[in-house]
Amino acid sequence: MKIGLVIGKFMPIHIGHIALINFALLECDNVIVSMSIANNDPINPDLRLRWIKEIFKGSSKISIHSVRDDFDREELPWSERIKIWAQFVKTKFPSVNVIISSEEYGPLLSQQLGITHASFDPQRIQFPVSASMIRKQPLHYWEFIPTEVRPYFVKKLCFFGPESTGKSTLAKKIAGFYNTESVPEVAREIVTSNDFTMDDIVKIGHAQIQRTLEKTKTANKVLFCDTDLITTQIYCRHYLKDVPPVLFELEKQIKYNLYFLFEPDVPWVADGLRDLGERRMEMFEVFKMELDKRNIHYIPVKGNWQEREATIKSEVNKFLI
């Protein structure tokens with residue numbers, strides 16, 4: 001029986017890794033995937049392991065392990081390092097008789113172990129990408145990122161500011177331009193007036209977070225969000241004179257990559273819920289203060305509708321380079 005071993009950090013797993021593992025599954029009766037982890041890994045090991053298991057959940061020939069890499073000594077030449085790795089394989093996976101890899105260590109490790117090596121695309125011709133390249137420019141290498149992994153790299157952009165400044169309209173319009181998703185202000189689906197309770201506001205907070213997480217799964221590179229939990233806190237404090245602690249906890253669940261602060265220099269339009277037309281500048285200062293006290297960088301959005309749209313697209317395009 002051929003028992004194959006694939007070793008990697010999978011930080012993140014990409015379609016090149018997937019092709020490598022699928023190649024191993026064709027070559028071997030069973031395949032062991034050993035995911036190396038370390039304390040300073042830039043992507044959480046539990047998340048990486050979950051990605052791999054989700055991608056290969058339909059295969060009964062594969063076993064997936066996370067292994068702490070505290071034995072390797074990168075300062076040594078490969079001739080010495082490979083002996084350490086060989087001892088690791090003998091101890092941890094004694095049944096392995098095939099090493100499958102695209103890396104230079106593969107033939108060395110198999111030779112040290114006295115077992116077979118199967119090479120897959122060592123020149124990276126089929127899949128010209130690496131995990132480090134993806135980490136550095138994920139949107140540039142989007143096509144190499146599996147569906148299960150893409151939500152991690154989606155850039156979440158928050159449209160932030162007082163009412164009737166174009167946030168909802170532009171979130172939908174610009175999302176359409178970039179062929180992606182937008183997250184609406186979920187409060188409008190839950191309340192029909194500004195006569196709401198603390199229970200209502202907590203429900204709104206949970207719903208806003210959930211909707212954002214859902215839309216992140218289907219977003220194409222960027223996600224335009226028509227509000228956030230800071231906004232929920234601001235209006236809760238304004239109308240109910242207090243903020244339940246759960247809203248601050250919910251705020252921590254979503255990290256936005258960029259805030260656009262919309263200025264109130266366009267005409268106010270009533271819509272049934274808006275009632276702060278004469279206080280928009282006052283509310284703008286409140287919104288700005290909340291960002292400032294959190295040291296959150298923001299891009300001012302002002303001017304007519306064309307100027308606002310151009311400002312936003314200019315910043316979004318920087319992510320897509």
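Is Phe 262 buried or exposed, and at what relative accessibility? In this predicted model, Phe 262 counts as buried, at 0% relative accessibility. That makes a good starting point for a walk through the side-chain pairings.

**Aromatic pairs**

The ring of Phe 262 has a partner in Phe 159, which is buried with a relative accessible area of 0%. The aromatic pair of Phe 159 and Phe 262 is tilted, with 5.1 Å from centre to centre and 45° between the planes. This pair links distant parts of the chain: Phe 159 belongs to strand E6 (residues 155–160) and Phe 262 to strand E9 (residues 258–262), 103 residues apart.

The count of aromatic pairs comes to 21. Another of them joins Phe 23 and Phe 120: the ring centres are 5.2 Å apart and the planes stand at 35°, so this pair is tilted. Here too distant parts of the chain are linked, since Phe 23 is in helix H1 (residues 15–27) while Phe 120 is in the loop between strand E5 (116–119) and helix H5 (131–136), 97 residues apart. Phe 120 counts as buried, at 11% relative accessibility.

Which residues form one aromatic cluster with Phe 160? They are Phe 196, Tyr 235, Tyr 239, Tyr 256, Tyr 259 and Phe 287.

**Charges over rings**

Two tryptophans have an arginine over the ring. The charged end of Arg 81 sits over the ring of Trp 78, 4.2 Å from its centre. Arg 308, in turn, lies over the face of Trp 305, at 5.7 Å from the ring centre.

**Salt bridges**

Side chains of opposite charge can pair when their charged atoms come close. How many salt bridges does a search of the whole structure find? It finds 19, and the table sets out some of them.

| Salt bridge | N to O distance |
|---|---|
| Arg 73 and Glu 75 | 3.0 Å |
| Glu 189 and Arg 211 | 2.7 Å |
| Arg 294 and Glu 290 | 2.6 Å |

The partners in these bridges vary in how much of their surface is accessible. In the pair of Arg 73 and Glu 75, Arg 73 counts as partly exposed at 43% relative accessibility, whereas Glu 75 is exposed, with a relative accessible area of 59%.

The side chains of Glu 189 and Arg 211 meet in a salt bridge. This pair links distant parts of the chain, with Glu 189 in helix H8 (residues 187–190) and Arg 211 in helix H9 (residues 198–218), 22 residues apart. Glu 189 is partly exposed, with a relative accessible area of 49%, and Arg 211 is also partly exposed, with 23%.

What about Arg 294 and Glu 290, whose side chains meet in a salt bridge? Arg 294 counts as partly exposed at 22% relative accessibility, but Glu 290 is buried, with a relative accessible area of 3%. Salt bridges that share partners place Glu 290 and Arg 294 in one network with Arg 237, Glu 251 and Lys 293.

**A buried glutamate in helix H13**

Let us finish with Glu 315, which has its place in helix H13 (residues 305–320). Why does Glu 315 count as buried? Its relative accessibility is 17%, and buried means under 20%. Leaving aside residues up to four places away in sequence, Glu 315 touches Leu 258, Phe 260 and Ile 299.

Definitions and conventions. Residues are numbered from 1 along each chain as its sequence is written. This is a predicted model: local features need pLDDT of at least 70, side-chain atom pairs count only at pLDDT 80 or more; totals for chains, interfaces and linings use all residues. Side-chain values use heavy atoms; hydrogens and water are left out. A salt bridge is a side-chain nitrogen of Lys or Arg within 4 Å of a carboxyl oxygen of Asp or Glu. Buried means under 20% relative accessible area, exposed over 50%, partly exposed in between (1.4 Å probe, protein chains only). Helices (H or I, at least four residues) and strands (E, at least two) are DSSP runs, numbered from the N terminus. Rings of Phe, Tyr and Trp (its six-membered ring) pair if their centres lie within 6.5 Å; planes under 30 degrees apart count as stacked, over 60 as edge-to-face and the rest as tilted. A charge sits over a ring if NZ of Lys or CZ of Arg is within 6 Å of the ring centre and within 35 degrees of the ring normal. Contact means heavy atoms within 4.5 Å.
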